Amino acid sequence: MSDFKKDNTGYHLKHLFIGSEGTLGVVTKVAILCPAVSDSVHLAFLGLNSFEAVLQTFKNAKRYLGEILSSCEMIDSIFLAASVDNLKLKSPIAGYPFYMLIETSGSNNEHDMEKLNKFLQLVMDKGDVIDGTYTGEPSKMQEIWKLREVLAPAMTKDGYLFTYDLSLPLRSFYEIVKVVEARVGHMAKRVCGFGHLGDLNLHLNVTCGEYSNDLYHQLEPFVFELTSKLGGSVSAEHGMGFLKSNYLKYSKSTEAIAMMRDIKHMLDPNKILNPYKILN
C-alpha cells in the first residue's frame, strides 16, 4: 500500500474495492489524509422560485465562490416541510418551491466574506434568489444544517418510505421528481427530492401511510428505467446491496456485468465474501 496521492506504478488495485461492498476482499489497512479544519466557514440558506434558478445559482456559485465553495445542496419545499411538520423544526425562511444550502470554507474571513457577499448580491440582482440568510456563527449554522440532516428520519414519520439514491445529469436532475409525482402522487403522501448538486446526486423519496404493494410496483422498476433513460446511475453513494442487484442492468452494460463476474470469480471463487450482494 502506498501513502502517496500520486503513485502511477501499475494497476490501481485499490479502485477495485471501491463500490465492491466487501464482495472482493477484506480491507485490513487504510491510509487517510486528514485536511485541517477551516478557519473561516459560512453558510447561506436561500429561497428560489424554480429549479432553473437553482441551476443558475449553482453555476454562479462555482464561478464566483471558486476555491472556498465547500458544499452546495438543494431541497424542495415538500422535503423541507417534512422536517418542519414532523420534527417541529423552524426554517429561517419559508414559502419557496426550492431552497439551497451553500457553504464556504477558507482561511481568510475577510476575503471569504467579500466573495460571499458579492455572490449573494449577484444572484439576488439576477432574480434567481428571492430571499435568504447567511451566518458564520457555529450554533446558527448547526441549526440550519439540521434541517437538511434530519430529512430522512423526518420522512419516516409519514409512515412508510420508499427512497432512491440516484445520480443524474444536471439538465434532468429534478425532472424525475416531477415525473414520479405525476405517476404516483395520488397514491402517496409526499413525493420529493433533495440533492448534492456538486456530486449530481439526487435523493428521491416517496412516502405513504403504510406499505403499499401497488405503490411499490408503480415505482419499481419504473424509477430505475427512467434513471437509465436520463443517462443516470441507479445507485449514487449507497451501493447496490441485496435490493438493487436485479437493477444493475440499468447502469451497467451486459459486457461490464460479465467482466465484474469474472473478477469476482477470480478473487472469490468460492463465493464466500459478502455473498448475494451486487451480483445475484
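**Strand β6 and the nonpolar cores**

Strands β6 and β7 (residues 201-208) pair in the antiparallel sense over seven bridges, where pairing requires at least two DSSP bridges between two strands and strands are DSSP runs (E, at least two residues), numbered, like helices (H or I, at least four), from the N terminus. The model is predicted: local features need pLDDT of at least 70 and side-chain atom pairs count only at pLDDT 80 or more, while totals for chains, interfaces and linings use all residues. Residues are numbered from 1 along each chain as its sequence is written, and side-chain values use heavy atoms, with hydrogens and water left out.

Phe194 of β6 has His203 as its bridge partner in β7. The two strands form a hairpin with four residues between them, and Leu200 in the turn has a positive phi of about 60°. β6 also pairs with strand β2 (residues 69-76), in the antiparallel sense over three bridges; the partner of Glu73 there is His196. Seven of the seven residues of β6 (residues 190-196) are buried, so the strand is largely enclosed by the rest of the structure; buried means under 20% relative accessible area with a 1.4 Å probe, protein chains only. On one side of β6 these are Arg190, Cys192, Phe194 and His196, and on the other Val191, Gly193 and Gly195.

The largest nonpolar core (buried Ala, Val, Leu, Ile, Met, Phe, Trp, Tyr and Cys residues joined through side-chain atoms within 4.5 Å) has 53 residues, and Met74 is among those with the most contacts inside it. Helix α2 (residues 51-65) supplies the largest share, seven residues. Apart from this core lies another, of 21 residues, including Cys192 and Phe194.

Notes: Buried means under 20% relative accessible area, exposed over 50%, partly exposed in between (1.4 Å probe, protein chains only).
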